[in-house]
Amino acid sequence: MGLHTEQLVKTLETPLYEMDYLKFSPNNAYMVIGGHSMQMYGNPGEKGYIMWELPSWERKEEVLRGHVENIAFSPDGKLCASADHTRLLFGNGVQLWNIGSGAPITTIRRGSRSASNPSFSYPLETRDVAFSHDGHLIATGSEDGIIRVWELTPQQLEGDTIPADVVRILYLLPKNKTPPPDFTYRVNKAIKAVQDLYADEMERHGFGRKTFTYETDENGTARVYVIREDQTEIPDLSKDIWLAVKEETSSFSFNTHQLQYVNANWRFLYPSKRGFKGNTSSYDTIGFTHGKLVHAYTKDIKRNPFAYTLRGAFGLPYVPLEYEPNVLKRFFKRVNNRMPWARKWYKLTKCEAEWLDKSRFFNPNQPFFDKRPTIEMTISNAEDSDTRLFTFSVTDEDGIHQVQLFVPIDMKYRGWRKKFYDCKPLKGKEEATLAFEITDPEIQDVELRMIDMHGNIAHREFFITPKTDELTKEP
């Protein structure tokens, strides 16, 4: 409203359930808000903000990924810091963003050290964040009542973002052991072969020789980060894909040293105006963070096992490798899987190659903005048939590239073991209605995944309640 005329100047709609902070940049070029949905509690995710450009009031950026307690601008207006607080062991600390691209620059996550376990640092449960007047320092106020002051590096002050969507290799080294002399050579050979494999498969399906990238040293060899079982200082592993490798006989757990708290394999809820309906939760669409931790063993440092391990990191469904109880059949299956004519499980289908065509890992320098998608579903019976039509209404202002439907592998494992069913390309449409035919009457829950034109992945699961056929989101 105009303060002197008491006239409303502008009204802006947001998807936030509750707005926590609103800030103007020092140069009056942007207005930023941060907030959260009550649904966020217990469901940790990334940080987020919405930004408008002034004086046009055009919505410039959105990074909607969680519970933002406060936002601060650097004095020069180039950087934005968000304070995230979700719950003990799941706080995301402070995220420093490049305002121009929305890309993350660095994350400050670690708070007080555990007195009983020096290698463990409690996550920083940040309530507030502020820049110093010269912009060189960031101060944080956290739930433990401690104020911490952090000094930014020259690279961070210039807005240099961390290399994103890159595969990095992590070697978990047991106590009193040294890495095998040929370890880096074997890893480099295997990951290069996997890179070529994906390029061949993308080219075979008509998408050109697209492939992922992996971090290399000054000699062009795969860089391997070694974490020793007895070391106390662990680097921040919160971004990108980490391919963690260890010896099969080692007692070194993949979850040691807070690897389980580094944003690996995490999901987040997009902010929503929806609330709770009765005794049934009504969560909205779920998104995936871009960092992911996948595991392998030293005996599997080969092309095919590495290719299989990285499928999930790229958002592809794992090909189910079901256990065969019959010893003789299991032997022949193992032998046949080594034969050239049986090596199909690592190859890409046309649908999978199309999915990767917009993947962040196959398209460097994608913008980090991510407008909130929606997924709704209804069910009806096909005319003169027992076939059910699962009809989905999907929207995403970033443009929808492809959707995929998943159904349970076995109804005994309803809700978590799912297999690919079908896919449909949408080629950048911002909204669409599409139907999938399902003939199996035992299928009572489905999951729809979609990827937008920037490589952001979202999904929603639906369960059919037996009594009312009401469709509800997974609790």
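## Lys418 and Asp445

Lys418 is buried, with a relative accessible area of 15%. This is a predicted model, and the burial call follows from the cut-off, because buried means under 20% relative accessible area. The side chain of Lys418 meets that of Asp445 in a salt bridge, at 3.2 Å from N to O. Lys418 lies in strand E22 (residues 418–438) and Asp445 in strand E23 (residues 445–452), so the pair ties together parts that are 27 residues apart in sequence.

Asp445 also counts as buried, at 1% relative accessibility. Both partners of this bridge therefore fall under the 20% limit.

## Glu376 and Arg460

A second salt bridge joins the side chains of Glu376 and Arg460, with an N to O distance of 3.3 Å. Glu376 sits in strand E20 (residues 374–381), Arg460 in strand E24 (residues 457–464). The pair therefore ties together parts that are 84 residues apart in sequence.

The two partners differ in cover. Glu376 is partly exposed, with a relative accessible area of 28%. Arg460 is buried, with a relative accessible area of 5%.

## Other salt bridges

The structure holds 16 salt bridges. One of them links the side chains of Glu447 and Arg449, at 2.7 Å from N to O. Glu447 is buried, and Arg449 is buried too. Elsewhere, salt bridges with shared partners join Arg168, Glu215 and Arg223 into one network.

## The surroundings of Glu247

Glu247 lies in a loop, between strand E16 (241–246) and strand E17 (267–269). Its relative accessible area is 15%, and Glu247 is buried.

The side chain of Glu247 makes a polar contact with the side chain of Tyr171, at 3.3 Å. It makes another with the side chain of Lys177, at 3.2 Å. Leaving aside neighbours within four places in sequence, Glu247 is in contact with Tyr171, Pro174, Lys177, Tyr297 and Thr298. Tyr171 and Lys177 thus appear in that contact list and as polar partners of the Glu247 side chain.

## Strand E5 and its hairpin

Strand E5 covers residues 68–73. Six of its six residues are buried, so E5 is largely enclosed by the rest of the structure.

E5 pairs with strand E6 (residues 79–84). Five bridges join the two strands, which run antiparallel. One residue pairing can be named: Asn70 has Ala83 as its bridge partner in E6. The hairpin of E5 and E6 has five residues between the strands. In this hairpin, Gly77 takes a positive phi near 75 degrees.

## A nonpolar surface patch

Met19, Leu22 and Phe24 form a nonpolar patch on the surface. Together they have about 290 Å² of accessible area.

Met19 is found in strand E1 (residues 18–24). Met19 is partly exposed, with a relative accessible area of 43%. That value fits the patch, because patches are made of residues with over 30% relative accessible area.

Terms used: Residues are numbered from 1 along each chain as its sequence is written. This is a predicted model: local features need pLDDT of at least 70, side-chain atom pairs count only at pLDDT 80 or more; totals for chains, interfaces and linings use all residues. Side-chain values use heavy atoms; hydrogens and water are left out. Patches are made of residues with over 30% relative accessible area and no salt bridge: like charges are joined within 9 Å, nonpolar side chains (Val, Leu, Ile, Met, Phe, Trp, Tyr) within 5 Å. Accessible areas come from the Shrake-Rupley method with a 1.4 Å probe; for residues, only the protein chains shown count as cover. A salt bridge is a side-chain nitrogen of Lys or Arg within 4 Å of a carboxyl oxygen of Asp or Glu. Helices (H or I, at least four residues) and strands (E, at least two) are DSSP runs, numbered from the N terminus. Buried means under 20% relative accessible area, exposed over 50%, partly exposed in between (1.4 Å probe, protein chains only). A polar contact is a pair of N or O atoms within 3.5 Å; within protein, one must be able to donate a hydrogen and the other to accept it, and residues adjacent in sequence count only if both atoms are side-chain atoms. Contact means heavy atoms within 4.5 Å. Two strands pair if DSSP finds at least two bridges between them.
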